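Thanks for coming. I will take one structure today and go through its empty spaces, one sheet, and a few residues with features to look at.

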Amino acid sequence: MAEKSFKYIIVGGGVSAGYAAREFEKQGVKPNELAIISKEAVAPYERPALSKGYLFPEGTARLPGFHVCVGSGGERLAPEWYKEKGITLILSTEIIKADLPSKTLKSAAGDTFKYEVLIIATGSTVFRLENFGIQGADAKNIFYLREIADADKLVEAIKSKKNGKAVVVGGGYIGLELSAALKINNFDVSMVYPDPWCMPRLFTADLAAFYEAYYTKKGVNIIKGTAAAGFVSNEKGEVKEVKLKNDRVMEADIVVVGVGAKPLINLFTGQLEEDKGGIKTDAFFKTSVDNVYAIGDVATFPMKMYGDIRRVEHVDHSRKSAEQAVKAIFAKEQGKEIGAYEYLPYFYSRSFDLSWQFFGDNVGEAVIYGNRDPASEKPKFGTYWIKDSKVVGAFLEGGTPEENKAISNVAKKQPTAPTPDSLATEGVQFACKI
């Protein structure tokens, strides 16, 4: 089998890989020094599009329209860009073995790849219901969404089961965005999750109450406090019913599952230090092995703002950690120094006519403000989180670009908080004057 050597190899072809490639080019990487090895069949793209525009019946997003780096307002890096820059894209290639002492990677096809510097950008993989022993979870038309191939299968099912019944398992990011997308496609949608409210890792009960009421108003049937216990198939092997733990049975033409993900680090287990479920890195994304870096979902890194270490699964961190790691690689080669990674946690979502942003830390006392009437034409509200008398986190639904920038600034500066009543009265204006 073939052996190829590169100075730099990025293993993984998601958002991080694309933004890292752009930074390599900025730093002056030479032709044929860099390779990206991806098990996907396409060049790096902006993954958030898969649960939004990719599924819309009108104004649908399709490649090459959302290759990186358009998601952050940058140049679109189509496959031709990599060719022009002398960056080797090795697609449809799964790495099944990594030997860090010998600086060697091996693919499922038996090819060997040698490197001098390795960037691990393998991302996450979804939790699958069959892994939990749930009966019938291998039926046809039960979908997961991580890669573009998953989205293509779901799009085909949406077309073939037109105006059918869909059950969405999970009440987090994916559950909320896919429930909206399926409803826009005129499906009868039910969303099932075991938690007392949706998005419990971020939303307070008050925040969640608005979104649940809004979704209900849009015709999404929300079933809380239970989970999928099994699936029944028809004679074609397609799912037709979802059995819930509360003994309820739901009809379904399509089931979409979004119950979380885990970082893909099994190739490196026992070879690198790990922490909090990821690969432990420093503030430059260097791992415990020299010349090996980890970025995006897989990295557990020092969160300078909060004095702890965290692993962050979000596209914003995927982009920024990639840029930081590449800058650090070149700084090391040139005997220079760069500043430590300073990351402000940032999350956002868009569904139906809604659009929210969150910055900072959702710890401490939550103070909610604004118009949370789900029947209103343009609801606008937010939440501040207060810890140790400081505002440490801020959430805003329906904000303008200027207001979203203001709440980001508040979370970064962490100003002294006024009384909760005063904060609730001032609302977003408190952020705008900081």
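A pocket, as I use the word here, is an open set of grid points with protein on both sides within 12 Å along at least five of seven lines. A volume is the space filled by probe spheres set on the points. What you see is a predicted model.

With that, take the second largest pocket, which holds about 520 Å³ of space. Helix α6 (315–333), strands β22 and β23 (354–360), and helix α7 (401–413) each give two or more residues to its lining. Which of these elements has the largest share of that lining? The answer is α6, with six residues. There are 20 lining residues, and D316, K320, Y343, L344 and Y346 lie nearest the centre of this pocket. By class, the lining divides into eight charged, seven nonpolar and five polar residues.

Now the enclosed space. The structure has one cavity of 30 Å³ or more. The volume of the largest cavity is about 50 Å³. Its lining consists of L176, E177, F203, Y211, Y215, S349, S351 and W356. Three elements supply at least two lining residues each: α4 (173–184), α5 (205–217) and β22 (346–351). Here the classes come out as five nonpolar, two polar and one charged. Strand β22 therefore turns up twice, as it is among the elements lining the second largest pocket and also among those lining the largest cavity.

Following β22 onward, F352 sits in the loop between β22 and β23. F352 is not a glycine, yet its phi is positive, at about 50°. The other case I want to show is Q414, in the loop between α7 and α8 (420–426). Q414 has a positive phi of about 50° as well, and is not a glycine either. Is Q414 buried or exposed? Its relative accessible area is 18%, and buried means under 20%, so Q414 counts as buried.

Next, the sheet. It is an open sheet of four strands with mixed pairing, in the order β17-β18-β20-β21. The edge strands are β17 (274–275) and β21 (308–311); each has a single partner strand, so one side of each has no neighbour in the sheet. Inside the sheet, β18 (residues 278–280) and β20 (residues 299–303) run parallel and are joined by two bridges. K280 is the residue opposite T300 in β20.

Backbone geometry again, this time omega. Which residues are joined by cis peptide bonds? One such bond joins L63 and P64, with omega about 10°. Another joins V68 and C69, with omega about 15°. P64 is in the loop between β2 (34–37) and α2 (79–84), and C69 is in the loop between β2 and α2 too.

Last, two loop residues and their surroundings. F127 lies between β7 (124–126) and β8 (142–144). Its relative accessibility is 27%, so F127 counts as partly exposed. Beyond its neighbours within four places in sequence, F127 contacts F132, Y144, V259, G260, A261 and K262. From F127 to V259 is 132 residues in sequence, but 6.4 Å in space, C-alpha to C-alpha.

E147 is in the loop between β8 and α3 (148–160). Setting aside neighbours within four places, the contacts of E147 are K39, E40, Y45, R47 and L50. With K39 there is a polar contact, side chain to side chain, at 2.6 Å.

Terms used. Residues numbered from 1 in each chain as written. Predicted model: local features only at pLDDT ≥ 70, side-chain atom pairs only at ≥ 80, totals over all residues. Heavy atoms only, no water. 1 Å grid on protein atoms, 1.4 Å probe; cavity = no way out; pocket = protein on both sides within 12 Å on 5 of 7 lines; lining within 4 Å. Nonpolar A, V, L, I, M, F, W, Y, C, P; charged D, E, K, R; others polar. Buried < 20%, exposed > 50% of the residue type's maximum accessible area, 1.4 Å probe, protein only. Contact = heavy atoms within 4.5 Å. Polar contact = N/O pair within 3.5 Å; in protein donor to acceptor, adjacent residues only side chain to side chain. Pairing = 2+ DSSP bridges.
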